[in-house]
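Subject: Structure handover

Hi,

Here is the structure I promised to pass on. Could you have it open while you read the rest of this email?

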Amino acid sequence: MKVHSATRLGSILVLALGVGAHAQTPTAPRESLESRVETVLGTPSFRDAHWGLLVVDVSSGATIYARNPDQMFGPASVTKLFSTAAAWSDLGPDYRFKTPVVRKGDVVDGTLKGDLILVAKGDLSMGGRTGSDGRLLFNGDDHIYSGAKLIDADPLAGLIELADGVKAAGITKVEGNVLVDDRYFAPAKSSGSGPENVSPIVINDNLIDVVVKAGAKPGDAAEVSIVPPTSYVTYESRVVTEESGTKPSISIEVAGPRRFVVKGKVPAGHGPVVAIYEADQPASFARAVFIETLRRRGVEVSVSPLGSNEEKDLPSQAEVAGLPKVAEYTSPPLKEFVRVILKVSHNLHASTLPLLIAAHHGERTAREGLRREGQILQHLGVAPGSASFGGGAGGERADMVTPRGTVALLRTMAARDDFPAYEDALPILGGTGTLASAVPSDSPAIGHVKAKTGTYFVGNSLNGKSILTSKALAGYIDTAGGRKLAFAFFLNGLPMNEVVTPSAAGKLLGKLSEVFYLDDAPAPISKPETTDR
């Protein structure tokens with residue numbers, strides 16, 4: 001990462017012009033912080049947005065700048081700062097998911113005379129993102145959003161470890177059923193784009209990745225494969241290869257239960273294109289690929305992977321808790337999952353956090369988890385009435401926060417002993433995650449801002465265009481002068497057009513970050529708070 005040096009702003013530059021009375025001439029006074037901020041906020045096409053800003057010195061709490069700090073704003077994915085902080089505080093950054101496999105029945109000469117049960121405990125990746133160093137892998141554009149590049153990890157890694165554990169326990173044949181106990185918490189829907197089914201069992205984000213490769217020449221059929229390979233779904237390919245230089249266009253059309261058609265075109269010479277198909281029954285999908293994995297690892301299974309995972313086939317949860325354990329998969333620590341959630345803005349994983357909090361306290365529903373989250377956030381400095389959430393990801397109509405509540409959370413997290421790991425999980429301006437391209441490559445603030453982005457827009461059926469409901473950014477700035485600032489920027493309610501786009505709004509917030517990074521006064525600047533009329 002390129003590191004930029006910065007001279008101390010506010011100092012007087014001296015120009016050597018000769019000798020005598022005119023030997024030194026001071027430069028003109030530097031433009032005030034307020035003026036520089038107002039210049040950004042007054043950018044044509046963005047000046048009519050509803051703006052909310054609060055910037056404070058982390059150590060002293062002194063206000064650097066404030067605009068509508070106590071008004072509610074749509075936070076979009078800045079919501080994830082709150083849901084991850086609540087889980088971080090409640091479960092602990094070193095919490096690890098432990099997913100056991102138990103047996104119902106005796107083992108006789110290597111044959112299990114009964115059922116094998118995988119007991120889901122909310123692991124968000126089941127080894128499918130774990131790299132060789134034990135850390136979770138991610139790309140800037142995650143595969144949960146079609147068109148991304150797949151990470152270099154086996155999505156079935158956790159199931160492989162469990163299957164090997166089953167065999168190591170002396171089981172080489174299962175005469176009964178193979179089941180997934182997914183009753184750890186109640187199923188729910190994600191509060192953001194991407195996969196929508198929130199479940200205690202998550203294999204490959206409950207997705208089947210459809211990988212399309214161009215044929216050798218225009219007119220050839222494209223090559224289509226799926227990851228992970230499984231008989232759980234069947235598909236038909238209608239993708240053709242076109243002339244090089246055109247844009248790929250791939251769509252997935254559902255053709256029935258567990259059936260889909262891949263349509264479109266891909267240019268010759270183009271790299272692989274990824275589309276996604278979501279398994280509408282995560283437990284049945286997990287059951288299928290677990291059976292297939294067991295077979296590949298040398299455990300004979302009599303039942304078909306094509307069946308459904310039925311709760312009626314499971315023993316009671318109390319009975320399951322008392323069954324002998326034959327294998328167990330242990331995940332990386334929670335802080336690694338938080339890192340993925342914040343870096344790529346992972347909606348499915350973020351939506352699961354309130355349910356994990358609920359289950360941690362013996363409860364089951366998202367409503368119960370959000371109620372718990374509210375209590376946790378109060379302990380983290382978020383005053384009642386300064387935040388409202390309908391989910392963990394940022395896509396609910398109920399999601400509203402104040403800049404002051406957001407900054408209060410950031411200051412509390414910064415005071416924790418484990419703060420370095422939490423800060424490391426945030427996207428880095430000009431570096432990693434969703435902030436990688438928010439500023440030009442020569443920005444002096446590159447590497448000095450760590451923050452969560454948020455974007456939300458809706459269609460306007462009256463004119464066929466869209467409204468930028470929210471563009472948001474909140475996190476930390478390590479200024480050129482060595483101070484750490486906590487900040488929250490919200491831009492809400494602006495009609496989109498050729499100029500007003502999410503990308504342009506994101507760059508505007510990046511420019512605001514630069515302004516505060518370069519403001520290097522020797523003491524905090526107290527700025528009177530303003531309110532839009």
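A word on the labels before anything else: helices (H or I, at least four residues) and strands (E, at least two) are DSSP runs, and they are numbered from the N terminus. Also keep in mind that this is a predicted model.

Let me begin with the loop that holds Pro-228, which runs between strand S14 (223–227) and strand S15 (234–242). The peptide bond leading into Pro-228 from Val-227 is cis, and its omega is near -5 degrees. Most peptide bonds are trans, and most residues other than glycine have a negative phi.

On the phi side, two residues caught my eye. Arg-258 is not a glycine, yet its phi is positive, at about 60 degrees. You'll find Arg-258 in the loop between strand S16 (249–256) and strand S17 (259–267). Is Arg-258 buried or exposed? Its relative accessible area is 16%, and under 20% counts as buried, so Arg-258 is buried.

Ser-345 also has a positive phi of about 60 degrees without being a glycine. Ser-345 sits in the loop that joins helix H6 (334–344) to helix H7 (347–360), and with a relative accessible area of 10% this serine is buried.

Next, the aromatic rings. How many aromatic pairs are there? The count comes to 13. One of them is Tyr-232 with Phe-285: the ring centres are 5.4 Å apart and the planes are at 50 degrees, so this pair is tilted. It brings together distant parts of the chain, since Tyr-232 belongs to the loop between S14 and S15 while Phe-285 is in helix H4, 53 residues apart. Both partners are tucked away: Tyr-232 is buried at 3% relative accessible area, and Phe-285 is buried at 0%.

Phe-260 and Tyr-277 make a stacked pair, with 4.6 Å from centre to centre and 25 degrees between the planes. Phe-260 is in strand S17 and Tyr-277 is in strand S18 (residues 273–278), so this pair ties together parts 17 residues apart in sequence. Phe-260 and Tyr-277 are both buried. There is also a cluster, in which ring pairs link Tyr-65, Phe-487, Phe-489 and Phe-516.

Now for the pockets. The largest pocket has a volume of about 810 Å³. It is lined by 34 residues, and those nearest its centre are Thr-434, Thr-453, Gly-454, Thr-455 and Lys-471. Three elements give two or more residues each to that lining: strand S23 (449–460), strand S24 (465–478) and helix H11 (502–518). Which of them gives the most? That is S23, with six residues. By class, the lining of the largest pocket has 16 polar, 13 nonpolar and five charged residues.

The second largest pocket has a volume of about 340 Å³. Its lining is made of 22 residues, with Asp-182, Pro-187, Ser-199, Pro-282 and Ala-283 closest to the centre. Strand S11 (188–189), strand S12 (197–198) and helix H4 (282–296) supply at least two lining residues each, and H4 gives the most, with three. H4 is also the helix that holds Phe-285 from the tilted pair. The lining of the second largest pocket divides into nine nonpolar, seven charged and six polar residues.

Over to you!

Best wishes

Terms used. Residues numbered from 1 in each chain as written. Predicted model: local features only at pLDDT ≥ 70, side-chain atom pairs only at ≥ 80, totals over all residues. Heavy atoms only, no water. 1 Å grid on protein atoms, 1.4 Å probe; cavity = no way out; pocket = protein on both sides within 12 Å on 5 of 7 lines; lining within 4 Å. Points joined across faces, edges and corners; volume = space filled by probe spheres on them. Nonpolar A, V, L, I, M, F, W, Y, C, P; charged D, E, K, R; others polar. Buried < 20%, exposed > 50% of the residue type's maximum accessible area, 1.4 Å probe, protein only. Phe/Tyr/Trp six-rings, centres within 6.5 Å; stacked < 30°, edge-to-face > 60°.
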